[in-house]
Amino acid sequence: MRPLKHGYTNRTVGDGSVVEKTYEGPDAGLRRAREHTLLTRLEGKLPVPPVRGLDNGILSLGFVTGTPGQELMEAGSAAPVLEACGALLRRIHEIAPSILGAETHDVGQVLVHGDFGPNNLLLAPVTPDAFRVTAVVDWEFAHLGDAVEDLAWCEWIVRMHHAEHRQELGHFFDAYGGPVPAWPVRQAAMLARCADLERFCDRWESNGPGVRQWRERAATTAGWRE
């Protein structure tokens, strides 16, 4: 098993056939159980890694081929990657909210991935100008909520980590195909998520570097203009 890139709240290793995830930080058991449940229920409905087992706190998944979306964006394929993100997010939000096992939910609530963006998609080329999603990964923060949470966070990922491609965000929203909330609503959702992650990090290590990082990111986000 070798460590896989891009893990932040879990340690992920793989051998080309199996991927094993060990969760770290607050609520690790709850996050592990949520991801295990959702991946099991979503198989066949969305492109997700197949569940192989859950043993001794380690979630085992089948290996899925594909290139992480952020790597493809860095290689110059931002527009088709963001189109794939938008189309796939619409499919996520069309999944019945009962997938999470909730007996009741508020009107308008959808299945929210919770950390949606090109960083959590694996993609494969269909043509030189188009990609298909082979897997959506990292469902540990999934919950029922407002669609703007995922829409805004994908936009945040692009603005924060791929700022040179922010002009390509129209491809994401167009491919999503649904109503896009106004900028003040999207920015408020970004700031709310930054605050959530600051609190998460503070529970992990009180006033540690993660807390300071999310405060800085929130300040940066507050200064953005549409």
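Student: Which residue of S8 stands opposite Thr67?

Tutor: Keep in mind that we're looking at a predicted model. Thr67 sits in strand S6, which covers 67-68, and S6 pairs with S8 in the antiparallel sense over 2 bridges. Look across from Thr67 into S8 and you land on Leu123.

Student: OK, and what is the order of the strands in that open sheet of 3 strands?

Tutor: Start with the edges: S6 and S9 are the edge strands, each pairing on one side only. S8 pairs with S6, and S8 also pairs with S9 in the antiparallel sense, over 6 bridges. Put that together and the order reads S6-S8-S9.

Student: How many residues lie between S8 and S9 in their hairpin?

Tutor: Follow the chain along S8, which is residues 121-127, and then pick up S9, which is 130-136. At the turn end of this pair, Thr127 stands opposite Ala130, while further along Leu122 stands opposite Ala135. The number of residues between the two strands is 2.

Student: At what angle does H3 run to S9?

Tutor: H3 is the helix of residues 78-93, and it lies across both S8 and S9. Compare its direction with that of S9 and you get about 45 degrees.

Student: There's another hairpin, made of S4 and S5. Which residue in it takes a positive phi?

Tutor: Strand S4 (residues 51-55) and strand S5 (residues 58-62) run antiparallel and are joined by 4 bridges. Asp55 has Ile58 as its bridge partner in S5, and the hairpin has 2 residues between the strands. The residue there with a positive phi, near 55 degrees, is Asn56.

Student: Now the helices. Are H3 and H4 roughly parallel or roughly antiparallel?

Tutor: Their axes come within 11 Å and cross at roughly 160 degrees. An angle over 145 counts as roughly antiparallel. So H3 and H4 are roughly antiparallel.

Student: Which residues in H3 meet H4?

Tutor: The crossing of these two helices is right-handed. On the H4 side, the residues are Ala147, Asp150, Leu151, Cys154 and Val158. By class, this contact divides into 7 nonpolar, 1 polar and 1 charged. From H3 come Leu82, Cys85, Leu89 and His93.

Student: How many charged residues are in the contact of H4 with H5?

Tutor: H4 (residues 147-161) and H5 (residues 169-176) have axes that come within 10 Å and cross at roughly 160 degrees, which makes H4 roughly antiparallel to H5. H4 passes H5 in a right-handed crossing, and the contact includes Glu155 and Arg159 of H4, with Phe172 and Phe173 among the residues of H5. Sort the contact by class and you find 8 nonpolar and no polar residues, and the charged ones come to 2.

Student: Is H4 roughly antiparallel or roughly perpendicular to H6?

Tutor: The axes of H4 and H6 (residues 183-204) come within 8 Å and cross at roughly 80 degrees. The range from 65 to 115 counts as roughly perpendicular. So H4 and H6 are roughly perpendicular.

Student: And how many nonpolar residues does the contact of H4 with H6 have?

Tutor: From H4 the contact includes Trp153 and Trp156, and from H6 it includes Trp183, Met190 and Leu197. Arg186 and Arg193 of H6 are also part of it. The class split gives no polar and 4 charged residues, and the nonpolar ones number 10.

Student: Last topic, salt bridges. How far apart are the closest N and O atoms of Lys21 and Asp138?

Tutor: Side chains of opposite charge can pair when their charged atoms come close. The model has 10 salt bridges, and Lys21 with Asp138 is such a pair, with its closest N and O atoms at 2.7 Å.

Student: Why does that pair tie together parts that are far along the sequence, and how many residues apart are they?

Tutor: Lys21 lies in strand S3, residues 18-23. Asp138 is in the loop between S9 and S10 (143-145), so the salt bridge ties together parts whose separation in sequence, in residues, is 117.

Notes:
Residues are numbered from 1 along each chain as its sequence is written. This is a predicted model: local features need pLDDT of at least 70, side-chain atom pairs count only at pLDDT 80 or more; totals for chains, interfaces and linings use all residues. Side-chain values use heavy atoms; hydrogens and water are left out. Axes are lines fitted to C-alpha atoms, for helices over the stretch in contact, and angles run from 0 to 180 degrees between N-to-C directions. Angles under 35 degrees count as roughly parallel, over 145 as roughly antiparallel, 65 to 115 as roughly perpendicular and the rest as oblique. A crossing is left-handed if the near helix is turned anticlockwise from the far one by less than a right angle, and right-handed if clockwise. Contact means heavy atoms within 4.5 Å. Ala, Val, Leu, Ile, Met, Phe, Trp, Tyr, Cys and Pro count as nonpolar, Asp, Glu, Lys and Arg as charged, and the others, Gly among them, as polar. Two strands pair if DSSP finds at least two bridges between them. A salt bridge is a side-chain nitrogen of Lys or Arg within 4 Å of a carboxyl oxygen of Asp or Glu.
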